[in-house]
Structures are given as C-alpha cells and as structure tokens.
Amino acid sequence: MSSRKRVPGLGSRVSGSTRNPKLGTRNGEPKVSVFPGLAHRWKTRLFVMVCLIWLLALPTVTLAQRKTLRVSYPAPATVYLPLWIASEAGLFSKHGLDVELVHVGSSPIAMAAYLAGEIDILGGGGSAGPNAYLRGQRDLVFFGAMNKKFVFSIYAHPSVSTVAAVRSKRIGVTRFGGTMDFATRHFLRQNGFDPGREVTMVQVGRVQDILSGLIAGSVDVGTMAFPYDIKAKESGFRELADLSQSGARYASSSFLAKRQFLAQNKGRAEGFVRAIIEAMQFIRVRRDDGIKILSRYTRMSDMKVLAQTYDYHSRVIWPRVPEILPEDLKLVLEELAEANPKAREIDPAELIYGSVVKDVVASGFVERLYAR
C-alpha cells in the first residue's frame, strides 16, 4: 500500500537517544556492599537501568528499520508522473513496497528532511548529490533517473526566423544561475554564440512572465517550459529549438539515496526500480488512465494541454529503464561549477550507484514486461 502527502516544510523528527549513565558511585562501577541484601538491590537497579537504556534506544531502531519507504519529489511537474502512477496504480504494492510520496517543495527542504532521517529516497534535481558531496556527505548517491534531457524550448517573435538571427536579441529566462538559464547559455555556446557578449540575457522571474514578455515585446526570445511552450505556439510565436533534441545529457529528475541504505536494502531498492519501470510501461499502454493521474497531481483541467504534454514526455523524455550514467552528470557538474569551482574536481562515477538498475535489467524483468 502506498500513500502520498504534501509537506511544505519538513522539520526534524526527534528520535530516541541512547544514554549511558555511570552506574554505581565513585568510579562508575557498582559498589559491592557487605550488608545483607544490598548487593541484590544493586543488581536489581542495574537490570532496571539496562532495560531503560534499551527502551530509550527503541525509537532509533524503529526509524532505521521502518517498513514504509518515504520518497520525496520537489514539484507537481509532468516528469514525475511515473512516480505518481507507481503509487496510484498499486505498482509499489505489487513489488512488495509500502511507499509514502512526500511533496517537499524545494531541494533544500528535501535535503534537510533527508539529513533528519525523514526521507529514504530523494527525487529531484541533479544538484543535490554533488552539493552534498562537496559538503563531505559522500554516502548520498544517484541510482536512477527518469529524465536526462533539458525539457525546455526556445521561442521567438515571428520575425526571428533562425537561431542565427538571435544575435543581438534580448532572451528571457526565469532567473540567472538557474537550470533554464544554464540550458539556454549552453545551447547558445553550442551554436557558436558568446552569451555574455552577443545576446542580452534578461532575468524575468516566472515562466509565465517570459510569455508575457514576448507578447509585450520586452524580450525578443524566451526559453519556455510546459505548459507555456504550448501557449507560446498557440499565440503565434516561432519555436527555434527544442532543447530536449539538442543532444545535451542532463540528469534533471533523478533518484538519490544513501549508498549504505541501497546496499542494506537491496530487495526494496530493486522493487522500487521495478515499479518505476512498470509505471513507464503503463504510461505507454494506458494513456487515458495516465492522463487522469497527471491531471490529479498537477491540478490541471485543460485536457488538450494535458494530452499534448503527456504525449510529448512519453515520446521524448521518459526512458524504458531509469539508468543513470556518468555522462548524464557532466553538465550538472558544469552548472554547479559556475558557483563552486570545486565541482570540476568531482569524478561523476563517484556519485553513482548503478548496480540496482543493472541487476533489475539483468534479471530479464524489462524484456518480460514489454513482451506481454
């Protein structure tokens, strides 16, 4: 059985702590008395103290051995649909898991919950793992990814007919230093531009404000994300590039957990991956049901927009197998290095625990699933 809950701000759970009081009087040793019955009373007291210590430690043991698997996701974005389907369609339960999905709202909150022991698996952007690594937390690793592409499109005023015509134009992005900004600058560099000199990057704010800027003429070009890319096309703007087709590999919707947790919970980790793989197959064969679940989690009712984004992600974004490779993290580290140059020193392979997905694939599960 699985469940979901939204937690806008997770606090630390206080688990039981084990105390170690000194026994006896002077040197921490039980005092043996020559008076009748006193030694027996000391033995009784020692037994009670040992039991008390054991009881105090119980909450920590329970937390470490809990059966519910808590999985976070940062936003009600389409790319997380396989996670929602695995929950709603009973796929987690089918593979022996009791999963609780937790909408945490942002990566810092998710990381705080993870450090407090509230989250077992972190779902979200690719920067969480490298950031933790740079802070000395070397046990947090990637073990899967549902998307390894930039899910953005670049739209322009109809008068801008080619990518070459972008030179000297104003390009709107949400905020400088964000993934959209990085993806846009990377695309421009790949097409021979110097983003710092040959175009004017404009920090707009929200994605919907980029579309408003195009309509108002305050920007000439804008990088769009769902559903505003669809709305931009309907408004008559020209799509210059679909960044998911640019060839860039960027793990943006990943799964992370402690290396030790994955090793000690091999069966549960593999069950989780099987459920996600089956959810991706569900998306391909049960479109109407998938769109209903997408509508429920994103709270969108425009069936035309829902269908378009569902079909796009199904065709372009979601893989059959949520494998993650070192190549998928290189641009993640490059983006992080713009703020912290030490990220360039990280070997991407050190951030990956690939045996979970590999063992599921080696078992023949994927072939059997798609042969049905």
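In the predicted model, P195 makes contacts with R185, L188, R189 and M201 once neighbours within four places in sequence are set aside. P195 is located in the loop that connects α6 to β8 (200–203). The relative accessibility of P195 is 7%, so the residue is classed as buried, the cut-off being under 20%. Between P195 and S168, which stand 27 residues apart along the chain, the C-alpha separation is 9.8 Å.

M201 also appears among the contacts of D181, together with V173, R175 and F176, when residues up to four places away in sequence are not counted. D181 belongs to helix α6. This residue is likewise counted as buried, because its relative accessibility is 3%.

Helix α6, spanning residues 179–190, is also the main contributor to the largest nonpolar core, to which it gives five residues. That core comprises 56 residues. Within it, the members that touch the most others are L122, F150, V166, L243 and L329. For L243, the contacts beyond four places in sequence are F150, F152, S153, I154, A183 and F187. F150 is thus both a contact of L243 and one of the members of the core with the most contacts to other members. A separate core contains 51 residues, including L69, Y80, F272 and F365.

Y80 is also found in the lining of the largest pocket, where A75, A77, Y80, F152 and T179 are the residues nearest the centre. The volume of this pocket is about 1,400 Å³, and its lining consists of 43 residues. Sorted by class, the lining contains 21 nonpolar, 18 polar and four charged residues. Several helices take part: at least two lining residues come from each of α4 (107–115), α6, α7 (207–216) and α13 (330–337). Helix α13 provides the largest share, with three residues. F152, one of the residues nearest the pocket centre, is in addition a contact of L243.

Two cavities of 30 Å³ or more were counted. The second largest has a volume of about 30 Å³. Its lining is formed by I154, V163, V166, I171, F187, L188, V221 and L240. By class, these are eight nonpolar residues, with no polar and no charged residue present. Several lining residues recur in the descriptions above. V166 is listed with the members of the largest nonpolar core that touch the most others, I154 and F187 are contacts of L243, and L188 is a contact of P195.

Over the chain as a whole, 15 helices and 11 strands were assigned. The chain has 372 residues, of which 47% are buried. Among contacts with a sequence separation of 6 or more, 81% involve residues 24 or more positions apart. The accessible surface of the chain amounts to about 18,600 Å², and carbon and sulfur atoms account for 53% of this area.

Conventions
Residues are numbered from 1 along each chain as its sequence is written. This is a predicted model: local features need pLDDT of at least 70, side-chain atom pairs count only at pLDDT 80 or more; totals for chains, interfaces and linings use all residues. Side-chain values use heavy atoms; hydrogens and water are left out. A nonpolar core is a set of buried Ala, Val, Leu, Ile, Met, Phe, Trp, Tyr and Cys residues joined through side-chain atoms within 4.5 Å. Buried means under 20% relative accessible area, exposed over 50%, partly exposed in between (1.4 Å probe, protein chains only). Helices (H or I, at least four residues) and strands (E, at least two) are DSSP runs, numbered from the N terminus. Contact means heavy atoms within 4.5 Å. On a 1 Å grid over the protein atoms alone, a cavity is a set of points where a 1.4 Å probe fits but cannot get out, and a pocket is an open set with protein on both sides within 12 Å along at least five of seven lines; lining residues have an atom within 4 Å of a point. Grid points are joined across faces, edges and corners, and a volume is the space filled by probe spheres set on the points. Ala, Val, Leu, Ile, Met, Phe, Trp, Tyr, Cys and Pro count as nonpolar, Asp, Glu, Lys and Arg as charged, and the others, Gly among them, as polar. Accessible areas come from the Shrake-Rupley method with a 1.4 Å probe; for residues, only the protein chains shown count as cover.
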